[in-house]
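Colleague: I have a model open in front of me and would like a close look at one part of it. Please take me through the surface that faces the DNA, then set that surface in its surroundings.

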Protein chains: 2
Amino acid sequence: MPSSPTRAEQRAASARRILDAARAEFAAHGYESTTIRAVAARAGVDPALVMQHHGSKAALFRSAARLDAVTSEEVGSHLDDVVASRVAGLPPELHALVRSMLTVPEATDAMREYLDDRVANLARSTPGPDAELRAALTVCAILGLTLGRHFLRLGALEQGSAEDVSRVARAWLAARSEDAEPPEDRPED
Amino acid sequence: MPSSPTRAEQRAASARRILDAARAEFAAHGYESTTIRAVAARAGVDPALVMQHHGSKAALFRSAARLDAVTSEEVGSHLDDVVASRVAGLPPELHALVRSMLTVPEATDAMREYLDDRVANLARSTPGPDAELRAALTVCAILGLTLGRHFLRLGALEQGSAEDVSRVARAWLAARSEDAEPPEDRPED
DNA sequence: TCATCTACTCATCGCTTGTTGAGCCAACCT
DNA sequence: AGGTTGGCTCAACAAGCGATGAGTAGATGA
């Protein structure tokens, strides 16, 4: 049997369970509809403990929806890998962020910063006129695809297997872009 | 000077001001963050009057974000017109609906129903394999464009004039449906 | 072993929310 | 003119929220 955990271990375990619970709740219901009480219940702790760990609901959301680890995420370097990754599913912290990006100003800002960065990167490897605009269209198309499949659950996008949707989406995005597409790319979304 | 308005006129005027105020508040802050008190204040009436008119906050949102008039909207019959319309700006009731589509289940359902319909229509005039999937990609791309320009306010999409963005977006979309495009289309989004 | 420290809970506060019912006042009808 | 209707407001309620501070129990270290 495992010996009783040390106090630091216990603390860390609680911290992670609280953060996981917060990500799940924020991802499922959005910022406003998520209550500290619900997060605490899911984590199996007292609501006051959540406050002790994070200080406020806003700070908890900031920690739960952090973008830091996402930038250098599992997302591959090629645009096709990004599409495949987004079609397969979103990591919990991104899910929480996207869920609230239209209703929480701070989330809107974070998402804009994140996407603007992706647009700038993609535009750098996009030749021809209106490079930035067209890069933005690609980024927004992937965003729309993500929303349609995982949040709105559109029939045409939800039913297909990840492989099918991913394949068609990649072909659709690549269409007629005889202008771009160097062999090595930067991470995009 | 105008004679004192009749009781029915007064009632109708209040009803419209309440509905306009509700649309503006829901569009700006989303369902959860919008309060009956804020709607009433914007309309210049007592909160209780809002309740008397609509019965509940949920019913008010249902009335404010109605899709009925949108389906046969100003949106033209050609896909290009839809793009131009979406780039130019959203009507208030659609704005309110989109704002809350990720956080309010009923809004999610309404949006799914709306977009699924658009996908089905567009798929009907899309030749080749994976017609429905590719139609869904087009619809989601326009959704993403709308979000990027009016809600997330991405730099690349917000700065450009409506004409420029619309023109580049139409060309970008046309390149991705080179096989389709009969001269006359059905209304899409 | 015993005092201390700390992770955690309990009870509760103040506030805001949606919602309600009683009451007021001007328009209405005869 | 005078009783009645109805649009509207006022005051308040119950519920749920985020947040706080005191208290408890068990691990910790000398």
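Modeller: What follows starts at the DNA and then moves to the protein behind it. Keep in mind that this is a predicted model.

Start with DNA strand C. The strand is surrounded by 20 residues. Those closest to it are A:Ser14, A:Asp46, B:Arg7, B:Arg37 and B:Lys57. Both protein chains are therefore represented in that list, given that a residue counts here with a heavy atom within 4 Å. By class, the surface near strand C holds 6 nonpolar, 8 polar and 6 charged residues.

Which parts of strand C does the protein meet? Sugar or phosphate supplies 59% of the strand C atoms within 4 Å of the protein, and bases supply the rest. Individual contacts show both kinds. On the backbone side, an N or O atom in the side chain of A:Ser14 sits 2.4 Å from a phosphate oxygen of strand C. A:Arg11 also places a polar side-chain atom 3.3 Å from a phosphate oxygen of this strand. On the base side, the side chain of A:Arg7 has an N or O atom 3.2 Å from a base oxygen of strand C. Four elements give two or more residues to this surface. From chain A they are helix H1 (7-33) and helix H3 (47-54). From chain B they are helix H2 (36-43) and helix H3 (47-54).

Now take DNA strand D. Around it are 21 residues, of which A:Arg7, A:Arg37, A:Lys57, B:Arg7 and B:Ser14 come nearest. Sugar and phosphate make up 60% of the strand D atoms that come within 4 Å of the protein. The nearby surface divides into 6 nonpolar, 8 polar and 7 charged residues.

A:Arg7 appears again here. An N or O atom of its side chain is 2.4 Å from a base nitrogen of strand D. A:Arg37 also meets a base, with a polar side-chain atom 2.8 Å from a base nitrogen of strand D. A:Ile36 works through its backbone instead: a polar backbone atom there lies 3.1 Å from a phosphate oxygen of strand D. The elements giving two or more residues to this surface are helix H2 (36-43) and H3 of chain A, with helix H1 (7-33) and H3 of chain B.

Next, the fold behind that surface. Chain A has 11 helices and 0 strands. Of its 189 residues, 51% are buried. Among contacts in chain A with a separation of 6 or more, 66% join residues 24 or more positions apart.

Helix H6 (residues 79-88) of chain A gives a view of the packing. Its buried residues are A:Leu79, A:Val82, A:Val83, A:Ser85, A:Arg86 and A:Val87. They pack against helix H7 (92-99), helix H8 (105-124), helix H9 (131-151) and helix H11 (162-174) of chain A. Just past H6, A:Gly89 has a positive phi of about 155 degrees.

The two chains also meet each other. Each gives 46 residues to the contact. Together they bury about 4000 Å², with 73% of that on carbon and sulfur atoms. On the chain B side, B:Leu102, B:Leu152 and B:Trp172 lose the most area to chain A, together 19% of what that side buries.

The largest nonpolar core has 114 residues. A:Met101, A:Met111, A:Leu147, B:Met101 and B:Leu147 touch the most other members. Within its own chain, A:Met101 touches residues including A:Met111, A:Leu143 and A:Leu147. Across the chains, A:Met101 touches B:Leu102, B:Leu147 and B:Leu152. In soluble globular proteins, nonpolar side chains tend to be buried together.

Finish in helix H9 (residues 131-151) of chain B, where B:Gly148 lies. Is B:Gly148 buried or exposed? B:Gly148 counts as buried because its relative accessible area is 0%. B:Gly148 touches A:Cys140 in the other chain, and B:Arg153, B:Leu154 and B:Leu157 in its own. Its C-alpha atom is 7.9 Å from that of B:Glu158, 10 residues away along the chain.

B:Arg153 sits in the loop between H9 and helix H10 (155-159) of chain B. Its phi is positive, about 55 degrees, although it is not a glycine. With 40% relative accessibility, B:Arg153 counts as partly exposed.

Key:
Residues numbered from 1 in each chain as written. Chains lettered and ligands numbered in written order. Predicted model: local features only at pLDDT ≥ 70, side-chain atom pairs only at ≥ 80, totals over all residues. Heavy atoms only, no water. Polar contact = N/O pair within 3.5 Å; in protein donor to acceptor, adjacent residues only side chain to side chain. Nonpolar A, V, L, I, M, F, W, Y, C, P; charged D, E, K, R; others polar. Buried < 20%, exposed > 50% of the residue type's maximum accessible area, 1.4 Å probe, protein only. Contact = heavy atoms within 4.5 Å. Core = buried A, V, L, I, M, F, W, Y, C linked by side-chain atoms within 4.5 Å. Buried area = accessible area lost by both parts, 1.4 Å probe. Lists of a residue's contacts leave out its neighbours within four places in sequence.
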